[in-house]
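Visitor: I should like to learn how to read the features of a structure, one at a time. Where shall we begin?

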Amino acid sequence: MTEAPTYYSERTALAWRRTAIAAMGTSGLFVNHAVVSGWRPAAIGPALAAVGLLFLAGISFARNNSLHHGHRAHGPRAIAMATVVVLIVCVVSVFIALFIPGAPPATT
């Protein structure tokens with residue numbers, strides 16, 4: 001009896017595609033925050049976070065395409081770059097929440 005195919009590459013490619021879509025959506029939220037704040041100097045952090053997330057979307061899209069074409073190399077490099085971008089954006093988010101005056105308070 002043979003095992004059913006598991007489609008590891010296809011599932012991984014779809015996960016990278018979802019990461020790209022989520023990064024683009026979150027980038028839009030950071031751009032919105034920068035625009036609403038009036039592009040003052042405090043908007044530099046959200047704008048740079050948006051650029052970083054667009055970079056992450058590009059990495060994710062490229063990894064998705066390479067997996068669809070059967071290229072499985074460079075996976076650890078893409079994962080490392082994605083991790084670094086997400087960590088930087090998380091730090092920027094915490095900074096915005098804690099130190100930018102005029103930001104809406106967190107609701108409980």
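**Reading a predicted model**

Guide: Let us begin with burial. Of the 108 residues of the protein chain, 29% count as buried. Please keep in mind that this is a predicted model.

Visitor: How many helices and how many strands does the protein chain have?

Guide: The protein chain has three helices and zero strands. Read from the N terminus on, the order of elements is α-α-α.

Visitor: How should the packing of two helices be read, and at what angle do the axes of α2 and α3 cross?

Guide: The general idea is to compare N-to-C directions, and an angle over 145 degrees counts as roughly antiparallel. The axes of helix α2 (residues 44-68) and α3 cross at roughly 160° and come within 10 Å. The two helices, α2 and α3, are therefore roughly antiparallel to each other. Their crossing is left-handed.

Visitor: Which relative direction do α1 and α3 have, roughly parallel or roughly antiparallel?

Guide: Here the cut-off is an angle under 35 degrees, which counts as roughly parallel. Helix α1 (residues 8-36) packs with α3 at an angle of about 25°, and their axes are 13 Å apart. α1 and α3 are therefore roughly parallel to each other. The crossing in which α1 passes α3 is left-handed.

Visitor: How is the exposure of a single residue judged, and why does His68 count as partly exposed?

Guide: Under 20% relative accessible area a residue is buried, over 50% it is exposed, and in between it is partly exposed. His68, which is placed in helix α2, counts as partly exposed because its relative accessibility is 44%.

Visitor: Which class does Arg77 fall into, buried or exposed?

Guide: Arg77, found in helix α3, has 54% relative accessibility and therefore counts as exposed.

Visitor: How may separation in sequence be set beside separation in space?

Guide: One takes the C-alpha to C-alpha distance together with the number of residues between the pair. His68 and Leu14 are 54 residues apart in sequence, and their C-alpha atoms are 9.4 Å apart in space. For Arg77 and Ile59, the separation is 18 residues in sequence and 10.0 Å in space, C-alpha to C-alpha.

Visitor: Finally, which residues form a nonpolar patch on the surface?

Guide: The patch consists of Val94, Phe95, Leu98 and Phe99, which together have about 450 Å² of accessible area. One of these residues, Phe95, lies in helix α3 (residues 75-99). With a relative accessible area of 47%, Phe95 is partly exposed.

Definitions and conventions: Residues numbered from 1 in each chain as written. Predicted model: local features only at pLDDT ≥ 70, side-chain atom pairs only at ≥ 80, totals over all residues. Heavy atoms only, no water. Patch = residues over 30% accessible without salt bridge, like charges linked within 9 Å, V, L, I, M, F, W, Y side chains within 5 Å. Areas by Shrake-Rupley, 256 points an atom, 1.4 Å probe, with all protein chains shown as cover. Salt bridge = Lys/Arg side-chain N within 4 Å of Asp/Glu carboxyl O. Helix = DSSP H or I, 4+ residues; strand = E, 2+ residues; numbered from the N terminus. Buried < 20%, exposed > 50% of the residue type's maximum accessible area, 1.4 Å probe, protein only. Axes fitted to C-alpha atoms, helices over the stretch in contact; angles between N-to-C directions. Parallel < 35°, antiparallel > 145°, perpendicular 65-115°, else oblique. Left-handed = near helix turned anticlockwise from the far one by under 90°.
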